[in-house]
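Here's a quick tour of one protein model, from the overall layout down to a couple of residues. Have a look at the fold before reading on.

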Amino acid sequence: MRKYSDKKIFVLAAAAFVLIMNLGIGSAMAYFTTYATAKGGAKIRLGFTVTTPEEKVVDWMKHISITNTGDYDCYVRVKLFAGAEYQEQLTYTDKSGKWSPGADGYYYYSDIVPAGGSTEELLAGVENIKNAMESTDSQRDFNVIVVQECTRVIYDEQGRPGADWNKISDSNTSTYTGEEGGGRS
């Protein structure tokens, strides 16, 4: 009979142990599955930095300015392409002194362009293109493509603004088809 009572005590001890463990698991599960609710809310507005090129062609010169139509201040840069025949003859004129050439072929605007603001004008053209086009008997295709990019202003720990051109926000392209007084975007 002694064997039977030892088994009974062992089974009761095991059952008690399982019950105790079960009670601990319940509170642990309650800890990990607890959540809180709240009423009300707040509007979150995620803005964007968007720029739009504005171009006019007057006397075979492209007058380029960039307008920041986005929500944040930004820096802008511009690069022109005219095809292999004319690329080396591209000329830039900056009356404001705020555009400067970079080693990568872009022209960088030195000032921050605020939301709703615009850059000063950058003039671009091809050297002697007017004379070359008017002196030939057959009309040839001539396109000047403007690629402009922007990046949001980033401030460092001292509050100084800077640009990170690895994080480009927007890229717009437009083409000038060589027709006097017009172009397409």
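## Overall layout

Helices and strands here are DSSP runs, with at least four residues for a helix (H or I) and at least two for a strand (E), numbered from the N terminus. On that basis, this predicted model reads α-β-β-β-β-β-β-β-α-β-β-β-β along the sequence. That comes to two helices and eleven strands.

Now for some whole-protein numbers. The protein has 185 residues, and 29% of them count as buried. About 12,800 Å² is exposed, with carbon and sulfur atoms supplying 55% of that area. Take the contacts with a separation of 6 or more: 65% of them come from residues 24 or more positions apart.

## A buried asparagine

N68 sits in strand β2, which runs over residues 61-68. Is N68 buried or exposed? Its relative accessibility is 1%, so N68 counts as buried.

What does N68 touch, leaving aside its neighbours within four places in sequence? The list is V50, T51, D73, C74, V113, P114, A115, G116 and G117. There's also a polar link to Y72: a polar atom of the N68 side chain lies 2.8 Å from the backbone oxygen of Y72.

## A nonpolar patch on the surface

Over to the surface, where F17, V18 and M21 make up a nonpolar patch. Together they have about 310 Å² of accessible area.

V18 belongs to helix α1, residues 2-33. With 52% relative accessibility, V18 counts as exposed, because the cut-off for that label is over 50%.

Key:
Residues are numbered from 1 along each chain as its sequence is written. This is a predicted model: local features need pLDDT of at least 70, side-chain atom pairs count only at pLDDT 80 or more; totals for chains, interfaces and linings use all residues. Side-chain values use heavy atoms; hydrogens and water are left out. Buried means under 20% relative accessible area, exposed over 50%, partly exposed in between (1.4 Å probe, protein chains only). A polar contact is a pair of N or O atoms within 3.5 Å; within protein, one must be able to donate a hydrogen and the other to accept it, and residues adjacent in sequence count only if both atoms are side-chain atoms. Contact means heavy atoms within 4.5 Å. Patches are made of residues with over 30% relative accessible area and no salt bridge: like charges are joined within 9 Å, nonpolar side chains (Val, Leu, Ile, Met, Phe, Trp, Tyr) within 5 Å. Accessible areas come from the Shrake-Rupley method with a 1.4 Å probe; for residues, only the protein chains shown count as cover. A salt bridge is a side-chain nitrogen of Lys or Arg within 4 Å of a carboxyl oxygen of Asp or Glu.
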